Amino acid sequence: AAPRTSTQSDEFELVAVLAEGKLTLYLDRYADNAPVPDAEIEIESGTFKAVATQVAPGVYAVPGQAFIRSGRHPLTISVQAGDAADLLTTTLDNALPAAGVEHVDGWGEWTVWGAAGGLLAVAGGLVLVGRRKRKH
């Protein structure tokens, strides 16, 4: 899953997704979730500053190279759409997973634990049978 973040105000709702070398911004009106076309969006993060380009109605993009580095990237987003204007803040968390750690849940994991439990039960049963035979 691509790194993403979201933020909202009384006027706007914005989702930002980092993928394919760019940060894509999806801007909707908070009241009715309608896309906001033709907005002027400026984004800042540290020394990075850019004006977003509209790629579709309600969808904007800026170059994403500044956010590729692993870590948390605070974003300040200025939105001007018609008579409505807002300043939104959020943080894009692009933390990489720990090296060498990959965990996929599935039946394979349960099979291993089930087999281990079964072996323990059989071993315990054999120990009990062996003790009973020794007593008699």
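Among the contacts in this chain between residues at least 6 apart in sequence, 43% join residues at least 24 apart, and I should say at once that these values are computed on a predicted model. The chain has 136 residues, of which buried residues make up 28%, and the chain exposes about 9500 Å², with carbon and sulfur atoms supplying 56% of that area.

Let me turn to the secondary structure. The chain contains 1 helix and 9 strands, and if you read along the sequence you meet the pattern β-β-β-β-β-β-β-β-β-α.

How are the strands of the 5-stranded sheet ordered? The order in this open sheet is β1-β2-β3-β7-β6, with antiparallel pairing. At its edges stand β1, residues 4–8, and β6, residues 53–56; each has a single partner strand, so one side of each is left without a neighbour in the sheet. Neighbouring strands here are turned by 25° against each other on average, direction ignored. To take one pairing as an example, β1 and β2, the latter spanning residues 12–19, run antiparallel and are joined by 5 bridges, and within the sheet Thr-7 stands opposite Leu-14 in β2.

There is also an open sheet of 4 strands, in the order β5-β4-β8-β9, and its pairing is antiparallel. The edge strands of this sheet are β5, residues 48–51, and β9, residues 84–93, each pairing on one side only. The average turn between neighbouring strands, with direction ignored, is 15° in this sheet. Strand β4, residues 40–45, runs antiparallel to β8, residues 72–81, and 5 bridges join the two; Glu-42 stands opposite Ser-78 in β8.

Now to the interior. The largest nonpolar core has 24 residues, and those with the most contacts inside it are Phe-12, Leu-23, Leu-25, Leu-27, Ile-41, Ile-43 and Ile-77. At least two residues of this core come from each of β2, β3 (22–29), β4, β5, β7 (59–63), β8 and β9. What does Leu-25 touch, if we set aside residues up to four places away in sequence? Its contacts are Leu-14, Val-15, Ala-16, Ile-41, Ile-43, Ala-52, Gly-58, Val-59 and Tyr-60.

As for aromatic pairs, the count comes to 1. The rings are those of Phe-48 and Phe-67, whose centres are 5.1 Å apart and whose planes are at 75°, so the pair is edge-to-face. Because Phe-48 lies in strand β5 and Phe-67 in the loop between β7 and β8, the pair ties together parts that are 19 residues apart in sequence. Are these two residues buried or exposed? Both Phe-48 and Phe-67 are buried.

I will finish with the backbone. Most residues other than glycine have a negative phi, and against that background two residues deserve a look. Asn-33 has a phi near 65°, a positive value in a residue other than glycine, and its place is in the loop between β3 and β4. Asp-38, which is not a glycine either, has a positive phi of about 60°, and Asp-38 is likewise found in the loop between β3 and β4. How exposed are they? For Asn-33 the relative accessibility is 46%, so this residue counts as partly exposed, whereas Asp-38, with a relative accessible area of 61%, is exposed.

Notes: Residues numbered from 1 in each chain as written. Predicted model: local features only at pLDDT ≥ 70, side-chain atom pairs only at ≥ 80, totals over all residues. Heavy atoms only, no water. Pairing = 2+ DSSP bridges. Axes fitted to C-alpha atoms, helices over the stretch in contact; angles between N-to-C directions. Core = buried A, V, L, I, M, F, W, Y, C linked by side-chain atoms within 4.5 Å. Buried < 20%, exposed > 50% of the residue type's maximum accessible area, 1.4 Å probe, protein only. Contact = heavy atoms within 4.5 Å. Areas by Shrake-Rupley, 256 points an atom, 1.4 Å probe, with all protein chains shown as cover. Phe/Tyr/Trp six-rings, centres within 6.5 Å; stacked < 30°, edge-to-face > 60°.
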